[in-house]
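Trainee: Could we go through this model one question at a time, with the criteria behind each term spelled out as we meet them?

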Amino acid sequence: MKTIKGLKWSHFQGLYDQHLSGKSILELGVLQGASLIEHKKRFQHVFGIDMNEVQVPGCTVYQCNVNNLQRLRSIGEEIVSKVGPLDAIIDDGSHRPFNQYKVFRTLWPFLAEGGMYAIEDLHMARKWRWRFWTALGLPSVPRLLKELNNEQHEWSWDNEDIPRKRPYTIHIYPNIIFIQKITHEIKNVWTEKVV
Ligand SMILES: C[S@@+](CC[C@H](N)C(=O)[O-])C[C@H]1O[C@@H](n2cnc3c(N)ncnc32)[C@H](O)[C@@H]1O
């Protein structure tokens with residue numbers, strides 16, 4: 001028996017309990033495997049990705065640097081071919097704002113309808129060096145949120161009467177956001193009241 005260490009903010013576990021469910025989960029950023037072992041208590045299929053080689057009993061861990069988006073995509077395809085679209089994805093990997101953005105855009109298609117995507121440690125984007133790179137045009141989570149907001153709403157500028165699918169429900173907490181893939185079709189509905 002050996003003790004391994006994990007690193008998470010104190011409120012995250014409660015938020016996982018509230019927002020994450022289903023059969024399969026993928027976490028980017030494994031470290032020694034503590035969070036994967038915790039996920040194993042609730043998920044049947046637990047996958048991890050880390051730039052370092054790590055082995056975690058009962059879990060499948062892929063060695064991959066998240067800068068390699070092609071490899072990331074092929075890991076997504078492999079997981080989906082084994083267990084179907086993922087119920088949950090957590091990005092606790094590099095914490096660099098441009099990685100968080102690109103990893104989301106790469107892995108989002110592998111998330112199941114109703115599934116939840118969490119991005120952790122958003123406060124890192126406030127560090128001066130990342131603000132500098134973001135100011136120079138590198139993508140970030142704040143930019144992602146702006147884009148998702150546009151994707152949700154750009155349609156209504158032209159015609160409010162066209163029914164439209166809205167794929168994102170977003171929950172923002174300190175240091176973490178959860179983005180849920182719910183493609184509910186919505187439309188404007190007239191109501192009549194007798195007065
Ligand atoms: C905060 S730790 C993860 C902690 C883990 N989720 C836990 O709770 O025990 C971040 C991990 O991300 C990995 N990482 C950092 N940069 C990465 C990159 N560019 N690609 C893949 N993994 C990376 C590190 O090797 C490290 O294991």
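Trainee: Which residues of β2 are buried on the side opposite His45, Phe47 and Ile49?

Mentor: This is a predicted model, in which local features need pLDDT of at least 70 and side-chain atom pairs count only at pLDDT 80 or more, while totals for chains, interfaces and linings use all residues. Residues are numbered from 1 along each chain as its sequence is written. In a regular strand the side chains alternate between the two faces of the sheet. Both faces of β2 are covered (a residue is buried if 20 or more other C-beta atoms lie within 10 Å of its own, exposed if 12 or fewer, and partly exposed in between, with C-beta atoms placed from the backbone), and the buried residues across from His45, Phe47 and Ile49 are Val46, Gly48 and Asp50.

Trainee: How many helices and strands does the protein chain have, and in what pattern?

Mentor: Both are DSSP runs numbered from the N terminus, helices being H or I over at least four residues and strands E over at least two. On that basis the protein chain has six helices and seven strands, and their pattern along the sequence is α-β-α-β-β-α-β-α-β-α-α-β-β.

Trainee: In which sense does β2 pair with β1 and with β3?

Mentor: Two strands pair if DSSP finds at least two bridges between them. β1 and β2 are joined over five bridges, with Ile25 having Val46 as its bridge partner in β2. On the β3 side there are four bridges between β2 and β3 (residues 60–63), where Phe47 stands opposite Thr60. The sense of the β1 and β2 pairing is parallel, and that of the β2 and β3 pairing is likewise parallel.

Trainee: What is the handedness of the β-α-β unit that β1 and β2 make with α2?

Mentor: The criterion is to let the strands point away from the viewer and follow the path from the first strand over the helix to the second, a clockwise run being right-handed. For β1, helix α2 (residues 34–40) and β2, the unit is right-handed.

Trainee: Which element supplies the largest share of the largest nonpolar core?

Mentor: A nonpolar core is a set of buried Ala, Val, Leu, Ile, Met, Phe, Trp, Tyr and Cys residues joined through C-beta atoms within 7 Å, and the largest one here has 32 residues, with Leu26, Leu86, Ile89 and Ala118 making the most contacts inside it. Elements that each supply at least two of its residues include β1 (24–28), α3 (69–83), β4 (86–91) and β7 (176–186). The largest share, five residues, comes from β5.

Trainee: With which residues is Leu26 in contact, leaving aside its neighbours within four places in sequence?

Mentor: Two residues are in contact if their C-beta atoms, placed from the backbone, lie within 7 Å. Leu26 is among the residues with the most contacts inside the core, and its partners beyond those neighbours are Phe47, Ile49, Ile79, Leu86 and Ile89.

Trainee: Which residues come nearest to the ligand?

Mentor: A residue is near the ligand if its C-beta atom, placed from the backbone, lies within 6 Å of it. With Ala, Val, Leu, Ile, Met, Phe, Trp, Tyr, Cys and Pro counted as nonpolar, Asp, Glu, Lys and Arg as charged, and the others, Gly among them, as polar, the shell has six nonpolar, eight polar and four charged residues. Of the 18 residues in it, those that come nearest are Gly6, Gly29, Ser35, Met51 and Ser94.

Trainee: Why does His95 count as partly exposed?

Mentor: His95 is in the loop between β4 and α4, and its phi is positive, near 65°, in a residue other than glycine. His95 counts as partly exposed because its number of C-beta neighbours inside 10 Å is 18.

Trainee: Is Asn149 buried or exposed, and on what count?

Mentor: Asn149 is found in helix α6 (residues 141–153); its C-alpha atom lies 8.7 Å from that of Tyr168, 19 residues apart in sequence. Because the number of other C-beta atoms within 10 Å is 12, Asn149 is exposed.

Trainee: How many of the residues in α5 are buried?

Mentor: Helix α5 (residues 128–135) has eight residues and is hardly covered, and it is followed by Gly137, whose phi is positive, near 115°. The count of buried residues in α5 is zero.
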